[in-house]
Amino acid sequence: MTIPIYQVDAFTSHLFGGNPAAVCPLDAWLPNAVLQSIAQENNLAETAYFVKDGADFHIRWFTPEYEMDLCGHATLASAHVLYQHLHYQGERIVFTSASGDLVVTKNDDLLTLDFPARMPGDTVIPDGLLEGMGKNPQEVYKARDYVLVYASETEVRGLQPNALLLQGIEVGTGGIIATAPGDTVDFVSRFFIPGASVFEDPVTGSAHCSLIPFWADRLHKNTLHALQVSARTGELFCENRGDRVWMSGRSVTYLEGMIRVK
């Protein structure tokens, strides 16, 4: 059996930027063990699979270690594959998922994700978190992810977290966001996943489910421009919509191929 595979750089307008995701369109769901093995073999932060479901598409996301409940960049990459390679003609794509219906709309070369908002709240700071980050933030909150607020973009860019020290932090399927006001954009961020094979995620759409409402409230504005300042860098055009957030970005195809499974 062969399965098509695309590797897409998401939230960027140029190759080797943004966040790479593998996308595998399927005719029907394969056993979970096979989906997990493919994601492990791909060894990217995320592998997305989708299956046609009536007029919509059912989507799932796997890291090399486990299945995720939500992933922004791999959803953006999946929509890119549908529009650019599978000749989808609809004005919008509805992905059904573990996090509910996720709608993607197209405006020229920008794709917009409509995701649930996850406003972070107060939390107990776990032992080892601040030591592992190497620099204390001004504030710490939590939704799915821990949200560490720093004073400046320079501080976020200069962080050198200790992956070994952070391994003991329990984050479930989440991670640790470091964020601050941006120098040339509204806010910047970086995203770290203790214990994962990819310790720093280059661009994390799902983290912006928390970052967008947080900075919209903090900056008193609902339209926001964001950069995830990893080595690859990602650009997001954001809008706070109450209990939903919109994230727009571009994507570029890096690879097309076939996987042979037995």
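Me: Which are the buried residues of α2?
Reply: In this predicted model, the buried residues of α2 are G72, H73, A74, T75, L76, A77, S78, A79, H80, V81, L82 and Y83. That makes twelve of the 13 residues of the helix, so α2 is largely enclosed by the rest of the structure.

Me: How should I read the length of α2, and what span does it reach from its first C-alpha to its last?
Reply: An α-helix has 3.6 residues a turn, so residues three or four places apart point the same way. In the present case, α2 covers residues 72–84 and reaches 18 Å from its first C-alpha to its last, which is close to the 18 Å expected at 1.5 Å a residue.

Me: Which residues have the most contacts inside the largest nonpolar core?
Reply: The largest nonpolar core has 49 residues, and those with the most contacts inside it are W61, I93, F95 and F115. Helix α2 gives the most to this core, with seven residues. A second, separate core has 20 residues, including M133, Y150, I176 and V188.

Me: With which residues is F95 in contact, leaving aside its neighbours within four places in sequence?
Reply: With those neighbours left aside, F95 is in contact with F50, F57, I59, T75, S78, A79, L82, G100, D101, L102 and V104. Among these partners, T75, S78, A79 and L82 also appear in the list of buried residues of α2. F95 is moreover a member of one aromatic cluster, which it forms with F50, F57, Y83 and Y88.

Me: How many residues of helix α6 are buried?
Reply: Helix α6, residues 208–219, is mostly covered, with nine of its twelve residues buried; these are H208, C209, S210, L211, I212, P213, F214, W215 and A216. The helix is followed by H220, whose phi is positive, near 60°.

Me: Is H208 of α6 buried or exposed, and what is H208 in contact with?
Reply: H208 has its place in helix α6 and is buried, with a relative accessible area of 0%. Leaving aside its neighbours within four places in sequence, H208 is in contact with F187, S189, P213, A226, Q228, L236, C238, V245 and M247.

Me: How are strands β9 and β10 joined, and how many bridges are there?
Reply: In a regular strand the side chains alternate between the two faces of the sheet. Here, strand β9 (residues 139–142) and strand β10 (residues 146–149) run antiparallel and are joined by four bridges, and the two strands form a hairpin with three residues between them. Within this pairing, Y141 has V147 of β10 as its bridge partner.

Me: How many aromatic pairs does a search of the whole structure find, and how is such a pair described?
Reply: A pair of aromatic rings is described by the distance of the centres and the angle of the planes. A search of the whole structure finds eleven aromatic pairs. In one of them, the rings of F16 and Y254 have their centres 6.0 Å apart and their planes at 65°, so this pair is edge-to-face. The pair links distant parts of the chain, 238 residues apart, with F16 in the loop between β1 (2–10) and β2 (19–26) and Y254 in strand β17. F16 counts as exposed at 57% relative accessibility, whereas Y254 counts as partly exposed at 44%.

Me: What are the distance and the angle for the pair of Y141 and F214?
Reply: The pair that Y141 and F214 form is tilted, at 5.6 Å centre to centre and with 50° between the planes. Y141 lies in strand β9 and F214 in helix α6, so the pair ties together parts that are 73 residues apart in sequence. Y141 is buried, with a relative accessible area of 16%, and F214 is buried as well, with a relative accessible area of 5%.

Me: What is the count of disulfides, and which cysteine sulfur is nearest to that of C71?
Reply: The count comes to zero disulfides, the cut-off being a pair of cysteine sulfur atoms within 2.5 Å. For C71, the nearest cysteine sulfur is that of C209, 10 Å away, and C71 counts as buried at 4% relative accessibility. For C209, the nearest cysteine sulfur is that of C238, 10 Å away, and C209 is buried, with a relative accessible area of 0%.

Me: Where is I259, and how far apart in space are I259 and I38?
Reply: I259 has its place in strand β17, residues 251–260, and is buried, with a relative accessible area of 16%. I259 and I38 are 221 residues apart in sequence but 8.7 Å apart in space, C-alpha to C-alpha. Leaving aside its neighbours within four places in sequence, I259 is in contact with M1, T2, I3, I5, C24 and I38.

Key:
Residues numbered from 1 in each chain as written. Predicted model: local features only at pLDDT ≥ 70, side-chain atom pairs only at ≥ 80, totals over all residues. Heavy atoms only, no water. Expected span 1.5 Å × (residues − 1). Buried < 20%, exposed > 50% of the residue type's maximum accessible area, 1.4 Å probe, protein only. Core = buried A, V, L, I, M, F, W, Y, C linked by side-chain atoms within 4.5 Å. Contact = heavy atoms within 4.5 Å. Pairing = 2+ DSSP bridges. Phe/Tyr/Trp six-rings, centres within 6.5 Å; stacked < 30°, edge-to-face > 60°.
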